[in-house]
Amino acid sequence: PRAYPENGADNLSRIRACVVADHPELFYVEGVRFSTTYNQVTELVSDASIEGTFYLDASESATVQKQVDVVASAFLATVPADADDYTKAKMAYEYIVRMASYDHAGADSLDWYDGEGRPAGQTMDNVFLDHSAVCAGYSSAYQYLLQHMGIQCVQVRGVADGDGHAWCIALLDGA
């Protein structure tokens with residue numbers, strides 16, 4: 001019997017997905033590499049390592065984050081300080097749907113995405129900088145704005161009408 005479950009890499013991929021879903025500012029995180037070394041005598045793990053993989057290097061991701069912050073800050077400056085959560089959430093929603101269009105070509109490309117490079121339209125920077133995204137990009141951008149306005153918001157990924165989908169759940173004015 002091995003001390004580490006065979007599906008350890010799958011578990012780490014799920015953990016990575018959950019962390020990235022909670023932190024849209026981690027738009028540059030691609031995945032994780034997991035490796036183990038087993039002692040052949042005891043059949044126990046003698047060494048394990050986890051290494052992150054990234055779409056962008058540290059310099060590129062910092063540059064993109066600064067660009068996103070300029071755009072997001074311009075919007076956030078328009079939100080009245082005394083606005084209730086519902087008003088803030090509605091303003092963020094209206095801002096995003098006016099600023100970005102749905103990336104139909106990106107959505108179609110996800111059907112044949114082979115894991116090479118960044119998948120189209122999946123992150124908040126696609127909304128703020130490219131003005132085009134799929135549902136995951138929209139929900140990441142929305143979550144980012146709400147979190148910066150002090151509103152609890154989580155991204156949810158699942159299936160809708162047989163296809164992968166992403167959306168947000170937010171706590172607005174206590175509900």
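Me: How many residues sit between strand 1 and strand 2 in the hairpin, and what is the phi of Glu43 in the turn?
Reply: Take the two strands first, then the link. This is a predicted model, and in it strand 1 and strand 2 form a hairpin with 6 residues between them. Glu43, in that turn, has a positive phi of about 60°.

Me: In which sense do strand 1 and strand 2 pair?
Reply: Go by the bridges. Strand 1 (residues 29-38) and strand 2 (residues 45-54) are antiparallel, with 9 bridges. For one position to look at, Ser35 has Ser49 in strand 2 as its bridge partner.

Me: Is Ser139 buried or exposed?
Reply: Here the cut-off helps: buried means under 20% relative accessible area. Ser139 comes out at 4%, so Ser139 counts as buried. Ser139 belongs to helix 6 (residues 135-148), and leaving aside residues up to four places away in sequence, Ser139 touches Gln155, Ala166, Trp167 and Cys168.

Me: And Trp167, one of those contacts: which strand is Trp167 in, and what patch does Trp167 help form?
Reply: Look at strand 6 (residues 163-170), where Trp167 lies. Trp167 has a relative accessible area of 32%, so Trp167 is partly exposed. On the surface, Trp167 joins Val154 and Ile169 in a nonpolar patch, and together they have about 250 Å² of accessible area.

Me: Which element has the lowest mean pLDDT?
Reply: Where pLDDT is low, the predicted coordinates shouldn't be read in detail. The protein averages 86, and 92% of the residues score at least 70. Among the elements, helix 1 (residues 8-22) has the lowest mean, 75, while helix 3 (residues 85-99) has the highest, 97.

Conventions: Residues are numbered from 1 along each chain as its sequence is written. This is a predicted model: local features need pLDDT of at least 70, side-chain atom pairs count only at pLDDT 80 or more; totals for chains, interfaces and linings use all residues. Side-chain values use heavy atoms; hydrogens and water are left out. Patches are made of residues with over 30% relative accessible area and no salt bridge: like charges are joined within 9 Å, nonpolar side chains (Val, Leu, Ile, Met, Phe, Trp, Tyr) within 5 Å. Accessible areas come from the Shrake-Rupley method with a 1.4 Å probe; for residues, only the protein chains shown count as cover. A salt bridge is a side-chain nitrogen of Lys or Arg within 4 Å of a carboxyl oxygen of Asp or Glu. Helices (H or I, at least four residues) and strands (E, at least two) are DSSP runs, numbered from the N terminus. Buried means under 20% relative accessible area, exposed over 50%, partly exposed in between (1.4 Å probe, protein chains only). Contact means heavy atoms within 4.5 Å. Two strands pair if DSSP finds at least two bridges between them. pLDDT is the predictor's confidence in each residue, from 0 to 100.
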